[in-house]
Amino acid sequence: MIEARAFWTVAPGRGELRGETIPAPEPGQDRIALRTLASGVSRGTEALVFAGRVPASQHEAMRAPMMAGAFPFPVKYGYSAVAADADRQRWFVLHPHQDRIAVPRAACIPVPDTVPTPRAVLAANMETALNVAWDAAALPGERIMVAGAGVVGLLAAGLFARIPAARVTVVDPLAAREPIARRLGCAFALPAAAPTDQDLIVHASGTEAGLRAALAAAAFEARIIEASWFGDTTPALPLGEAFHARRLRIVASQVGSLAPAIRGRRTHAERLALALELLDDPAFDLLLDGPTRFEDMPEAMPRILAQGGLCHVITYGTD
């Protein structure tokens, strides 16, 4: 048996470490025992979970692959872990914050040697950004605006910036995000100076104001990719203004399903493996903050989520 500790959210804004015993893999089983090296806190989804704001209608849809418990509480939630096996091979696993795990081998994606462990925790977010890019089907030379410079927004913007002749602008009220956007090859603007006449807009701010800005920036027959999840809030949209005259399209993008453009030709595992390959760029280190020790998570989690930063790294005291 394997003795492990995991982070559980037990009430609104309160978490604790709980011990558990995991059956060790037996000979012939397609399971692998791992020690966690690092995990990442997604300040979007995990903030909603930590606050108990997952709508009842979405309890089943929001279950993470290795989650335990049930919404709203108590729940063991998370999906960005990097762990090592006995041979020191590193693997990315969609697993909650836990120091030791035993999972099916099929759930483990090898981390490329060129991607450092802290950066590898961005894989789940990069997978989401990759799915956004597939849903967006951006073209060379398009004018592209990303509203919201969170982790997913910046990762998506970095992917769009690699498209030939694409002009990508990241819009966010935090001026401190400008150096990151420019390092990723994008222009940056505060909301008051947001560009207009955009061919493609990705909304990733998670706010009503951001979605309104996306509509205002849209050119004739532009497409707006909605990458935010609003939880239990209901944004109000000005669909009675220029929405119909401009023949705009709002398309939902959600990582739980492969984008239609690639569905049937790639598996979820292949998409995640590609996301890890795309992280072979030191510029993405700018999207990380922390670290916080796993032992300190219960005390630190409210502060981590309140800071509104990028991806926060949790370390586990193993190398």
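**Sheet, helix packing and nonpolar cores**

In this predicted model, an open sheet of 6 strands follows the order β12-β11-β10-β13-β14-β15, with parallel pairing. Strands pair if DSSP finds at least two bridges between them; helices (H or I, at least four residues) and strands (E, at least two) are DSSP runs numbered from the N terminus. Because β12 (187-189) and β15 (249-252) occupy the edges with a single partner strand each, one side of each lacks a neighbour in the sheet. From one strand to the next, the twist averages 20 degrees.

Strands β10 (residues 143-147) and β11 (residues 167-171) pair in the parallel sense over 5 bridges, and A147 has V171 in β11 as its bridge partner. Helix α6 (residues 208-217) packs on the sheet, where it touches β10, β13 (198-203), β14 (218-226) and β15; its direction makes about 150 degrees with that of β14. Contact denotes heavy atoms within 4.5 Å, while axes are lines fitted to C-alpha atoms, for helices over the stretch in contact, with angles from 0 to 180 degrees between N-to-C directions.

Residues are numbered from 1 along each chain as its sequence is written. Local features need pLDDT of at least 70 and side-chain atom pairs count only at pLDDT 80 or more, whereas totals for chains, interfaces and linings use all residues; side-chain values use heavy atoms, without hydrogens and water.

The largest nonpolar core (buried Ala, Val, Leu, Ile, Met, Phe, Trp, Tyr and Cys residues joined through side-chain atoms within 4.5 Å) has 67 residues, and Y77, M126, L154, F160 and L287 have the most contacts inside it. Helix α3 (residues 123-136) supplies the largest share of this core, 9 residues. Neighbours within four places in sequence aside, L154 is in contact with G148, A149, V170, I180, A181, L184, L287 and L310. A second, separate core of 15 residues includes I201, L211, A218 and A222.

Helix α4 (residues 151-160) is largely enclosed by the rest of the structure, because 10 of its 10 residues are buried (under 20% relative accessible area, against over 50% for exposed and in between for partly exposed; 1.4 Å probe, protein chains only).

Helices α3 and α7 (residues 268-278) pack at about 105 degrees, with axes 8 Å apart. The two helices are therefore roughly perpendicular (65 to 115 degrees; under 35 is roughly parallel, over 145 roughly antiparallel and the rest oblique). In this contact, A123, M126, E127, L130, N131 and W134 of α3 meet H268, R271, L272, L274, A275, L276 and L278 of α7.
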